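The following exercises are to be worked with the sequence and the coordinates at hand. Each task is followed by a solution in steps.

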Amino acid sequence: CSFVQKVRNAQKAGAAGAIIADNTCLCSDKDCVSANGQAVCQPAEPIMADDGSGGDISIPSFLMFKVDADQVKAELKSNQMVQIEMQWALPSPDDRVEYDLWTTPSDPVSKDFQKNFKAVAQALGSHAYFTPHMYIYDGIKSNCQGFDGENMCFNLCTNNGRYCATDPDNDLDHGISGADVVKESLRRICIWKHYGETDGVGSEWWDYVAQFLERCDNPDFFANDDCAKDCYKHAKIKAEVIERCMNDSGGLEKDTPNTFLDLEMQAQVSRGVVILPTAFVNTIALRGGLTTATVFTGICNGYLDGTEPKICTECQGCPDFDGCISSGKCHGGKGGGGVSKNAFMGSILLLSCVFGAVAFWHYRKTREEMREQVRGILAEYMPLEGDDGHVGSPMDFARRGGTEGLMS
């Protein structure tokens, strides 16, 4: 079963944490391979990440390499107690949030987000730093490059099978190919390098992606260089700068490594990206739908308390989110149908006054009822003679409000 299911089973059994032992040696660990006599080894470290179904899991989990896990197993088999410490680092929030987006140019889920998030990125300004990442499949590990350097995966890969992508329309003979997706990925990487990496906002990058989605995102124009150049023009990007960047990084034609694509593959392995699209805020993957409001909320929650920008305090939870981002002010109150702070405090004050008035009225009413009862009781007694010989009625006492004693 999957890693997620293993951890879920441990949680259901009452475990406070789960440590999973790998059962295959790394190919780079020659001692492990020779000691176990395994004919099969894994060329890279396995990725143990949420496959999208782990929302119900709340316990931590770790994966141990086989060479380490075997030592723990040996101690347990000899009835020895083993103590393992689980330790991890939590992100340290500050006054700037770093957020990433992992996707591909052909990914349908992230298209609306990429069309609409530019205004938010600009509103956050220097308080946030964005980095777009393109997911590239390692063709060599996927056996798309033969021993003689030949591309074994046809038009799914570039560089003789080194860099690959899935076919968006599942038709190798028609439409958009995996190689087209890799080329567009490299183009967007270069656009970010020259127009977004400096400030972390990348207005031109957002403009280009929006233009591409509007003009070229179809089988007829996806791989059309003229369509891409038209997007350059509308996004105010110099075509010669991007073309030179794509060629200088290693290009896409020959059996040569491409620096930028290699860096993307290394980053996706170290980050443990297994689901597309995925957004990260301060290295933590966001759960839920990839929407502008969801990512904005995740970014605003990533700041150290008291350091979040004004746009967060003003627009987070605003019913008119788009209007608030564009104007910098929330009109109509926050909370998605709730009340503003001033309205809430006014309601509390009004209720206090109402309850106070009701309490005073009840006090006066109760006091009058008690007086009536006292008058009724006193009326049943005989008149009393005062010190001056005057014979009075107890009702006189009651009428005076009980301020004098009945007896001296």
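**Exercise 1. Disulfide geometry**

Task: Determine the handedness of the link between cysteine 315 and cysteine 324, and establish whether each partner is buried or exposed.

Solution. The model is a predicted one.
Step 1. The torsion about the S-S bond is -90°, and the link of cysteine 315 and cysteine 324 is left-handed.
Step 2. The sulfur atoms of cysteine 315 and cysteine 324 are 1.9 Å apart, and the two residues are joined by a disulfide.
Step 3. Cysteine 315 has a relative accessible area of 0% and is therefore buried. Cysteine 324, at 1%, is also counted as buried.

**Exercise 2. Two further disulfides**

Task: Describe the disulfide of cysteine 25 and cysteine 32, then that of cysteine 27 and cysteine 41.

Solution.
Step 1. In the pair of cysteine 25 and cysteine 32, the sulfur atoms are 2.0 Å apart. The torsion about this S-S bond is -65°, and the link is left-handed. Both cysteine 25 and cysteine 32 are buried.
Step 2. Cysteine 27 and cysteine 41 also form a disulfide, with a sulfur separation of 2.0 Å. Here the torsion is about 100°, so the disulfide is right-handed.
Step 3. Cysteine 27 is in the loop between β1 (18-21) and α2 (30-36), while cysteine 41 is in the loop between α2 and β2 (61-64); the pair therefore ties together parts 14 residues apart in sequence.
Step 4. Cysteine 41 has a relative accessible area of 28%, so this residue is partly exposed.

**Exercise 3. A cysteine pair to be tested**

Task: Why is the sulfur of cysteine 231 not bonded to that of cysteine 216?

Solution.
Step 1. A disulfide requires sulfur atoms within 2.5 Å.
Step 2. The closest cysteine sulfur to that of cysteine 231 belongs to cysteine 216 and is 3.6 Å away, which is too far for a bond.
Step 3. Cysteine 231 is buried, at 0% relative accessibility.
Step 4. The same distance rule gives a count of nine disulfides.

**Exercise 4. The two sides of a helix**

Task: Which residues of α9 (239-248) are buried, and which are exposed?

Solution.
Step 1. Val241, Ile242, Cys245 and Met246 are buried in α9. They cover an arc of only 130° around the axis, so they lie on the same side of α9.
Step 2. An α-helix has 3.6 residues a turn, so residues three or four places apart point the same way.
Step 3. Asn247 and Asp248 are exposed on the other side of α9.
Step 4. The cover over the buried residues of α9 includes α6 (178-195), α8 (225-235) and α10 (259-271).
Step 5. Glycine 250 follows α9 and has a positive phi, near 135°.

**Exercise 5. Packing of α6 against α9**

Task: Characterise the crossing of α6 and α9, and name the residues in contact.

Solution.
Step 1. The axes of α6 and α9 come within 9 Å and cross at roughly 115°.
Step 2. The crossing of α6 and α9 is right-handed.
Step 3. From α6, the contact is made by Lys183, Leu186, Arg187, Cys190, Ile191, His194 and Tyr195; from α9, by Val241, Ile242, Glu243, Cys245 and Met246.

**Exercise 6. Nonpolar cores**

Task: How many residues has the largest nonpolar core, and which of them have the most contacts inside it?

Solution.
Step 1. The largest nonpolar core has 61 residues, and Phe117, Leu124, Tyr208, Phe296 and Ile299 have the most contacts inside it.
Step 2. The helix α6 gives the most to this core, with eight residues.
Step 3. Apart from this core lies another, of five residues, including Val7, Ala10, Ala18 and Ile20.
Step 4. With residues up to four places away in sequence left out, leucine 124 touches Phe296, Ile299, Tyr303, Pro309, Ile311 and Cys312.

**Exercise 7. Backbone exceptions**

Task: What is the sign of phi in asparagine 143 and in phenylalanine 154, and where is the cis peptide bond to proline 277?

Solution.
Step 1. Most residues other than glycine have a negative phi, and most peptide bonds are trans.
Step 2. Asparagine 143 has a positive phi, near 60°, and lies in the loop between β5 (137-138) and β6 (157-158). This residue is exposed, at 62% relative accessibility.
Step 3. Phenylalanine 154 has a positive phi near 55° and is placed in the loop between β5 and β6. With a relative accessible area of 63%, phenylalanine 154 is exposed.
Step 4. The peptide bond from leucine 276 to proline 277 is cis, with omega near -10°. Proline 277 lies in the loop between α10 and β8 (278-281).

Note on methods. Residues are numbered from 1 along each chain as its sequence is written. This is a predicted model: local features need pLDDT of at least 70, side-chain atom pairs count only at pLDDT 80 or more; totals for chains, interfaces and linings use all residues. Side-chain values use heavy atoms; hydrogens and water are left out. Buried means under 20% relative accessible area, exposed over 50%, partly exposed in between (1.4 Å probe, protein chains only). Helices (H or I, at least four residues) and strands (E, at least two) are DSSP runs, numbered from the N terminus. The arc is that of the directions from the helix axis to the C-beta atoms. Contact means heavy atoms within 4.5 Å. A nonpolar core is a set of buried Ala, Val, Leu, Ile, Met, Phe, Trp, Tyr and Cys residues joined through side-chain atoms within 4.5 Å. Axes are lines fitted to C-alpha atoms, for helices over the stretch in contact, and angles run from 0 to 180 degrees between N-to-C directions. A crossing is left-handed if the near helix is turned anticlockwise from the far one by less than a right angle, and right-handed if clockwise.
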